[in-house]
Amino acid sequence: MSVEAGIGLMATKLGMMSFFESDGKVVPVTVVGFKEGNIVTQVKTQATDGYDAVQVGYRRVRDRKLTKPEMGHLEKAGAIPMRHLQEFRLQSVEGFEANQKLVLEELFKEGDLVDVSGTTIGKGFQGGIKRHHFKRGLMTHGSKSHRALGSIGAGTTPGRVYKGKKMPGRMGGTKRKIRKLKIVKIDKELNVVMIKGALPGKPGNLLRITPAKIVGVNIPKN
């Protein structure tokens, strides 16, 4: 697991809209909301776990939705029952303690650059054209190859299909990180953040927001 530039938050994707900046420019933004949570559930140190990290819980659920080991882990920290637990590996964990609530306004401000990761929308089993942007064949003049993949390798040599060959298969539903997105607006009343551009997944999807990694600025060059 790579080291983060700073502690981040978990959030819920709400949808997209247009945002008008002060100069009248229209910017496409994704609206991100926050449910109950973003509470520190465990602080890991080099002495106890071999690395420095802060574990954060998000999205409150009923007790019966969790197993007894999960409930025991949260009760040990004095935290409420939460669905999602994620770690933020940091260079230093000083100042963090169990059951500490992370506040959005203290971590991010308008104009900051952030890295956002989440699970993309699953597309199911797709062909080469949709999955890898292959060109289709002729639709006329007696062509028998319209959207077919075509040749996938030679015969005698090598006598097999190379690993990693772009072919039809399961598309989407994978973890993706989009880097250096700008926070356009923070609405404290609605408890939402507007981030410029598109984010992974569909509305209701879990997102992980961290400060953008900039080599030589907030993370070392080595």
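Against which strands do the buried residues of α2 pack? In this predicted model, helix α2 spans residues 68–77, and its buried residues are Met-71, Leu-74 and Ala-77. These three residues lie on the same side of α2, because they cover an arc of only 125 degrees around the axis. The general geometry of helices bears on this arrangement: an α-helix has 3.6 residues a turn, so residues three or four places apart point the same way. The partners of the buried residues of α2 are the strands β3 (37–44) and β5 (82–89), against which they pack.

The other side of α2 carries exposed residues, namely Lys-68, Pro-69, Glu-75 and Lys-76. Just after the helix comes Gly-78, whose phi is positive, at about 75 degrees.

A second point of entry is Gln-55, which belongs to strand β4, the stretch of residues 53–60. Gln-55 has a relative accessibility of 9% and therefore counts as buried, the cut-off for that class being under 20%. The side chain of this buried glutamine takes part in polar contacts: one of 2.7 Å links it to the side chain of Thr-41, and another, also given as 2.7 Å, links it to the side chain of His-73.

Leaving aside residues up to four places away in sequence, Gln-55 touches a set of residues that includes Ile-39, Val-40, Thr-41 and Gln-42, as well as His-73, and also Leu-85, Gln-86 and Glu-87.

Terms used. Residues numbered from 1 in each chain as written. Predicted model: local features only at pLDDT ≥ 70, side-chain atom pairs only at ≥ 80, totals over all residues. Heavy atoms only, no water. Helix = DSSP H or I, 4+ residues; strand = E, 2+ residues; numbered from the N terminus. Buried < 20%, exposed > 50% of the residue type's maximum accessible area, 1.4 Å probe, protein only. Polar contact = N/O pair within 3.5 Å; in protein donor to acceptor, adjacent residues only side chain to side chain. Contact = heavy atoms within 4.5 Å. Arc of directions from axis to C-beta.
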